[in-house]
Amino acid sequence: MLRVAICDDNNVFVNKMSQAVKFEFTRQNNEDIELETYVSSELMFQHHLIKPFDVIFLDIDMPELDGFQLAAKISGSNDCYIIFVTNHPELVYDSLYFRPLNFITKSNDSFFTEKLHSVVNQLFNEMKQNTIIILENKEVGRVPLQIKSIYYIESSKHYVIYHSEHNEPIKIRGNIGELEIHFSQYDFARIHKSFLVNLRHIFNIDRNKDEIIFKQGFRLNMSKNYKQTVDEKLTQYLRKTK
């Protein structure tokens with residue numbers, strides 16, 4: 001069960017936010033959450049140290065510790081997802097220093113509801129990518145690999161090769177067609193008969209050269225047979241994670 005906190009010095013807004021968050025978690029993933037609300041940033045931080053929260057919706061402009069000060073303390077203690085919620089949209093660029101999951105402005109109700117829906121959707125996608133799989137071969141034994149660290153999976157005869165940010169390529173027996181089905185839930189897309197890529201790491205598509213450009217700078221060939229499907233899946237992914 002996810003532990004979720006809402007911290008804002010406006011009690012009326014805290015109650016409104018609490019109802020909205022419960023609704024979104026239930027609507028999108030039927031996810032039970034343990035929700036705590038706070039008007040005191042100091043108290044929330046003390047409770048976080050005792051029993052860490054997984055997700056914190058955090059106001060920026062508060063007495064005691066403001067949102068940025070609190071985010072700095074949290075990042076130094078336990079890992080959790082921070083989502084800033086504020087009346088000050090001009091602070092969005094300052095907030096990036098703390099690497100929040102996202103930033104919600106307290107605008108009109110319809111905009112706020114739409115943005116919260118998008119952010120909770122992004123949260124669930126991010127959490128799925130944190131899943132750890134265990135790979136095993138004769139050379140390196142058992143290797144835990146976080147899905148979000150995988151750049152792409154390559155097919156090589158009766159084997160598949162995992163290319164990731166933390167490890168040397170790991171080669172195990174497997175079928176890329178079966179992996180395509182399994183990894184679709186984690187936003188992977190087939191771009192070629194030999195390549196299955198993690199859309200998280202895609203920067204763009206070079207349509208002139210039929211290549212996928214990764215954020216890390218390297219490229220992979222894209223088969224024309226997969227071109228339209230890849231474009232559609234990347235567009236869908238960007239929409240739900242914006």
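This report describes the two sheets, the helices that cross them and the aromatic contacts of a predicted model.

Residues are numbered from 1 along each chain as its sequence is written. Local features need pLDDT of at least 70, side-chain atom pairs count only at pLDDT 80 or more, totals for chains, interfaces and linings use all residues, and side-chain values use heavy atoms, with hydrogens and water left out.

**The parallel sheet and its helices**

Helices (H or I, at least four residues) and strands (E, at least two) are DSSP runs, numbered from the N terminus. Two strands are paired if DSSP finds at least two bridges between them. One open sheet has 5 strands in the order S2-S1-S3-S4-S5, with parallel pairing. Its edge strands, S2 and S5 (102-105), each pair on one side only. Neighbouring strands of this sheet are turned by 20° against each other on average, direction ignored. Within the sheet, S3 and S4 (residues 81-86) run parallel and are joined by 5 bridges; Ile56 stands opposite Ile82 in S4.

Axes are lines fitted to C-alpha atoms, for helices over the stretch in contact, and angles run from 0 to 180 degrees between N-to-C directions. Helix H2 lies across S1, S2 and S3, at about 165° to S1. Helix H5 (residues 109-129) lies across S1, S3, S4 and S5, at about 165° to S5.

Burial is expressed by relative accessible area: buried means under 20%, exposed over 50%, and partly exposed in between (1.4 Å probe, protein chains only). In H2 (residues 41-50), the buried residues are Ser41, Met44, Phe45 and His48. Seen down the axis of H2, these residues fall within an arc of 100°, so they line one face of the helix; the arc is that of the directions from the helix axis to the C-beta atoms. Their cover includes strands S1 (2-7), S2 (33-38) and S3 (55-59) as well as helix H3 (67-75), where contact means heavy atoms within 4.5 Å.

**The antiparallel sheet**

A further open sheet of 5 strands follows the order S10-S9-S8-S12-S11, with antiparallel pairing. Its edge strands are S10 (170-173) and S11 (188-192), each pairing on one side only. The twist averages 25° from one strand to the next. S9 (residues 159-164) pairs with S10 in the antiparallel sense over 4 bridges, and the bridge partner of Ile161 in S10 is Lys171. Helix H6 (residues 176-183) lies across S8 (150-156), S9, S11 and S12 (195-198), running at about 155° to S8.

**Aromatic contacts**

The structure holds 12 aromatic pairs. Rings of Phe, Tyr and Trp (its six-membered ring) pair if their centres lie within 6.5 Å; planes under 30 degrees apart count as stacked, over 60 as edge-to-face and the rest as tilted. Two of the pairs are tabulated here.

| Pair | Class | Centre to centre | Between the planes |
|---|---|---|---|
| Tyr38 and Phe53 | edge-to-face | 6.0 Å | 80° |
| Phe214 and Phe218 | stacked | 4.3 Å | 20° |

Tyr38 lies in strand S2 and Phe53 in the loop between H2 and S3, so their pair ties together parts that are 15 residues apart in sequence. Tyr38 is buried at a relative accessible area of 6%, and Phe53 is buried at 1%. Phe214 is buried, with 1%, whereas Phe218 is partly exposed at 26%. Phe214 and Phe218 also belong to one aromatic cluster with Tyr151, Tyr152 and Phe195.

A charge sits over a ring if NZ of Lys or CZ of Arg is within 6 Å of the ring centre and within 35 degrees of the ring normal. Lys16 lies over the face of Phe112, at 5.2 Å from the ring centre. Arg173 lies over the face of Tyr159, at 5.2 Å from the ring centre.
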